[in-house]
Amino acid sequence: MFDLIEENPSLLLVMQHFNFDFRVGDFTISQLCKEKGISEKLFISIANLYNGFKPKENPIDSVDDVKQIVRFLKNSHDYYRNDKYPQISAYIMQLQKNHPEKELKLLEQFFNEYFAEVIDHLDYEDNVAFPYFIEFLGNRDNLESNAYSAQEYSEHHTDIELKIKDIKNLLLKYVVINDDLNLRRKLLFSLCELEYDLYIHSLIEETILIPFGYNMEKA
Amino acid sequence: MNRHRLHIAIMVHSQIIYEGLHAVLSQSDIDCVICKVDSLDDLENILPSKKVDLLIINPLLLVNREKDVRRIRKNHPNFSIVGIHLGIVDNHSLALLDSSFTIFDTLEQVLSRLQKTGTNSELKFPSNDDNLTERELDVLTQLVHGYSNKEIADSLNISIHTVVTHRKNITAKTGIRSQSGLTIYAISKKIIQIEDVDLQSH
């Protein structure tokens, strides 16, 4: 595991989302997964997504895998809610303070509104979509009367990373700001990190969780 | 911020105002060269060969010339326009300005306004890939003011389908999708004035 982290430090984020400790010593992936009770296949599939490879087959084999994925997604939500968005928000606020042009005030407003939308989306997934997948597994007989479905989940599921792209484009191409390179770099780095994790997040939902939901409903 | 020489063009019909501005600028700390232009056509003729960072203009000379101003700005994105208000204010012309002052402002106010705007115009970069067509600019302007596709179609006398195509092209050229993002884009590119935007509604 140590070698893999050296090769691609974004693996640390995968580990964090799976509740792995970072002090991996000389343990292998297999050993660490076993210790955490997580399917090795699942861990590798998701780590591969971060490296740009989509899984050839759905890595979900068991009820427990779904629970693990849902836990992983919930942990990523916490990372967005409590770490990434507040960090970006603080950078933008500082930038606006340093450069009191109204353009940046608008950018701040744009971001805050977007942040509120994201929180809505995350709350929705935490409170409606994820419980569905869990409930589904625990009590499959009750499901026919359940109004909610994987179809609905995928329809509600919006591409929340698109507005991050807008903000990045505005900062890299259009909005004139004098100097302040340190702050602007930190902001752009954070935006890129967030954008990438959101992208993987949607991939997990779209290529793993939703297809699995469809298959279960059909079964 | 005074490292670069500012090239200032003045377009006012009153000789007294012109001489006054010339005297004030020449005696100030601003390192500048000044020239007089008689009309927008005159300005357009000299722009390709002469550097102009700032145009100081009586905004009343811009009345009904919105299209010309937009065209000149599009072809020469690196200069700013500062209005000198002599009395009557026309809202349409106001929207074409980057900033303005009145003949009753103190010299300090006038000079700091000019210097700030001049510095900003040096920072503007010409960009070739996101040049929007006149029609796309029309659609963008209405879009950032919150009009729906239907309303834009009606006011420009085109079909909703055409509006949607324009919107797609705007997004393809600028890389910006959301209305809020496009508003900030339009302000950065001086397509609309920040005063046009209600800060609360975006």
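## Helix α9 of chain B

In this predicted model, helix α9(B) is mostly covered, with eight of its 10 residues buried. The buried positions of α9(B) are Ser180(B), Gly181(B), Leu182(B), Thr183(B), Ile184(B), Tyr185(B), Ala186(B) and Ile187(B). Just after this helix, Lys190(B) adopts a positive phi of about 60°.

One of the buried residues of α9(B), Ile184(B), reaches across to the other chain. Leaving aside residues up to four places away in sequence, Ile184(B) touches Glu103(A), Leu106(A), Leu107(A), Phe110(A), Leu170(A) and Val175(A).

## The nonpolar core

Ile184(B) also belongs to the largest nonpolar core, a set of 36 residues. Together with Leu107(A), Leu170(A) and Leu140(B), Ile184(B) ranks among the residues with the most contacts inside this core. Both chains contribute: from chain A, α5 (63-98), α6 (102-138), α8 (162-174) and α9 (181-218) each supply at least two residues. From chain B, α6 (134-144), α7 (149-156), α8 (160-174) and α9 (179-188) likewise each supply at least two.

Two of the core residues with the most contacts, Leu107(A) and Leu170(A), are also among the residues that Ile184(B) touches.

## Contact between the chains

In the contact between the two chains, 17 residues of chain A meet 19 residues of chain B. On the side of chain A that touches chain B, the elements giving two or more residues are α6 and α8 of chain A. Helix α6(A) provides the largest share of that side, namely eight residues. By character, the residues on this side of chain A divide into eight nonpolar, two polar and seven charged.

## Composition of the two chains

Chain A contains nine helices and zero strands; from the N terminus on, its elements run α-α-α-α-α-α-α-α-α. Of the 219 residues of chain A, 27% count as buried. Among contacts in chain A with a separation of 6 or more, 71% are accounted for by residues 24 or more positions apart.

Chain B has nine helices and five strands. Read from the N terminus, the elements of chain B follow the order β-α-β-α-β-α-β-α-β-α-α-α-α-α. Of its 202 residues, 27% count as buried. For contacts in chain B between residues at least 6 apart in sequence, 70% join residues at least 24 apart.

## The parallel sheet of chain B

The five strands of chain B form an open sheet with parallel pairing, in the order β2-β1-β3-β4-β5. Its edge strands are β2 (32-36) and β5 (99-102) of chain B, each of which pairs on one side only. From one strand to the next, the twist averages 25°. Helix α1 (residues 15-26) of chain B lies across β1 (6-11), β2 and β3 of chain B, and runs at about 170° to β2(B).

Strand β4(B) is mostly covered, with five of its six residues buried. The chain arrives at β4(B) from β3(B) by way of helix α3 (residues 66-75) of chain B, and this β-α-β crossover is right-handed. Strand β3 (residues 54-57) and strand β4 (residues 80-85) of chain B pair in the parallel sense over four bridges; within this pairing, the bridge partner of Leu55(B) in β4(B) is Ile81(B). Strand β4(B) is also joined to β5(B) by four bridges, and these two strands run parallel. Gly83(B) stands opposite Ser100(B) in β5(B).

## A loop position: Thr133(B)

Thr133(B) is found in the loop between α5 (107-123) and α6 of chain B. With 13 other C-beta atoms within 10 Å, Thr133(B) is partly exposed. This class applies because the count of 13 lies between the limits of 12 or fewer for an exposed residue and 20 or more for a buried one.

Although Thr133(B) and Lys74(B) are 59 residues apart along the chain, their C-alpha atoms are separated by 9.5 Å. Lys74(B) falls within the residue range of α3(B), 66-75, the helix through which the chain crosses from β3(B) to β4(B).

Definitions and conventions:
Residues are numbered from 1 along each chain as its sequence is written. Chains are lettered from A and ligands numbered from 1 in the order in which they are written. This is a predicted model: local features need pLDDT of at least 70, side-chain atom pairs count only at pLDDT 80 or more; totals for chains, interfaces and linings use all residues. A nonpolar core is a set of buried Ala, Val, Leu, Ile, Met, Phe, Trp, Tyr and Cys residues joined through C-beta atoms within 7 Å. Two residues are in contact if their C-beta atoms, placed from the backbone, lie within 7 Å. Two strands pair if DSSP finds at least two bridges between them. Axes are lines fitted to C-alpha atoms, for helices over the stretch in contact, and angles run from 0 to 180 degrees between N-to-C directions. Ala, Val, Leu, Ile, Met, Phe, Trp, Tyr, Cys and Pro count as nonpolar, Asp, Glu, Lys and Arg as charged, and the others, Gly among them, as polar. A crossover is right-handed if, with the strands pointing away from the viewer, the path from the first strand over the helix to the second runs clockwise.
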